[in-house]
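Work through the exercises below with the model open. Try each task before reading its solution.

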Amino acid sequence: MEARGQHGTNVHPTTSPADRLAAVGNQMIEIHLWLGTELARLRASLDADAPAGARPSRDLRAHCLTFCAALGRHHTGEDDGAFRLLADEVPELRPVLANLITDHEVVAGILRRVEELLGDPTPPPAAQLRAELDGLAALLESHFRYEEKRLVTALNALTGRPGTVEELLGLTAPPAG
């Protein structure tokens, strides 16, 4: 049963502040920082775990696959969520969004190659995996900066609308710490 105030307003709304968007652009930056940190950790682990010519450990391969899944989920979330919304709301961003979607496709190709390398019953040499991760790191650095420069203001303008960051960006940034 709904409780109504004197003006007919529902005093117990069915949505909570958590169901409202707030500073989506800033949250995208947090997600990018987290993904960048995770990729740096992964690359450092590869150097420590699998010296030249060695094969990565099972734990390192699992960490890599988890990272690939998170990055893929983020980009799919953006393509299906934030980018569609921004294309409707801010049509002048459509060329930028098209460029970013193209980047997402290139990143997806790298992620597929990494997953194929890691799915091989004979783990690949670390150098082969390292080359893919280095290329991914270079591309993501440029991609994240471009995306942030072009979209943060438009994403932050979505504040107060119904929805969640996960619906628009595929992930939420893990708590710091």
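The elements of the chain run α-α-α-α-α from the N terminus on. The model is a predicted one.

**Exercise 1. Take stock of the chain.**
Count the helices and strands, then find what percentage of the residues is buried.

*Solution.* Start with the elements: the chain has 5 helices and 0 strands. Next, burial: of the 177 residues in the chain, 39% are buried. Last, contacts: take those between residues at least 6 apart in sequence, and 80% of them join residues at least 24 apart.

**Exercise 2. Check the length of helix H1.**
Compare the expected span of helix H1 with the distance between its end C-alpha atoms.

*Solution.* H1 covers residues 24-49, which is 26 residues. The rise is 1.5 Å a residue, so the helix should span 38 Å. The end C-alpha atoms lie 36 Å apart, which agrees.

**Exercise 3. Find the buried side of H1.**
Which residues of H1 are buried, and what covers them?

*Solution.* List the buried residues: Val-24, Gly-25, Met-28, Ile-31, His-32, Leu-35, Glu-38, Leu-39, Leu-42 and Leu-46. Then look at the cover, which includes helix H2 (58-89), helix H4 (126-156) and helix H5 (165-169).

**Exercise 4. Place Phe-67.**
Is Phe-67 buried or exposed, and which residues does Phe-67 touch?

*Solution.* Locate the residue: Phe-67 sits in helix H2. Its relative accessibility is 4%; the cut-off for buried is under 20%, so Phe-67 counts as buried. Now leave out residues up to four places away in sequence. Phe-67 then touches Leu-35, Glu-38, Leu-39, Leu-42 and Leu-136. Take Leu-42: 25 residues separate it from Phe-67 in sequence, yet the C-alpha atoms are 8.4 Å apart.

**Exercise 5. Map the largest nonpolar core.**
Which members touch the most other members, and which helix supplies the largest share?

*Solution.* The core holds 44 residues; Leu-71, Leu-133, Leu-136 and Leu-151 touch the most other members. H1, H2, helix H3 (94-119), H4 and H5 each contribute at least two residues. H4 gives the largest share, 11 residues. Now follow Leu-136, setting aside neighbours within four places in sequence. Leu-136 contacts Leu-39, Phe-67, Leu-71, Val-107, Ile-110 and Leu-111.

**Exercise 6. Describe how H2 packs on H3.**
What are the angle and the axis distance between H2 and H3?

*Solution.* The angle is about 160 degrees, and the axes are 10 Å apart. Angles over 145 degrees count as roughly antiparallel, so H2 is roughly antiparallel to H3. As for handedness, H2 passes H3 in a left-handed crossing.

How values were computed:
Residues are numbered from 1 along each chain as its sequence is written. This is a predicted model: local features need pLDDT of at least 70, side-chain atom pairs count only at pLDDT 80 or more; totals for chains, interfaces and linings use all residues. Side-chain values use heavy atoms; hydrogens and water are left out. Helices (H or I, at least four residues) and strands (E, at least two) are DSSP runs, numbered from the N terminus. The expected span of a helix is 1.5 Å times one less than its number of residues. Buried means under 20% relative accessible area, exposed over 50%, partly exposed in between (1.4 Å probe, protein chains only). Contact means heavy atoms within 4.5 Å. A nonpolar core is a set of buried Ala, Val, Leu, Ile, Met, Phe, Trp, Tyr and Cys residues joined through side-chain atoms within 4.5 Å. Axes are lines fitted to C-alpha atoms, for helices over the stretch in contact, and angles run from 0 to 180 degrees between N-to-C directions. Angles under 35 degrees count as roughly parallel, over 145 as roughly antiparallel, 65 to 115 as roughly perpendicular and the rest as oblique. A crossing is left-handed if the near helix is turned anticlockwise from the far one by less than a right angle, and right-handed if clockwise.
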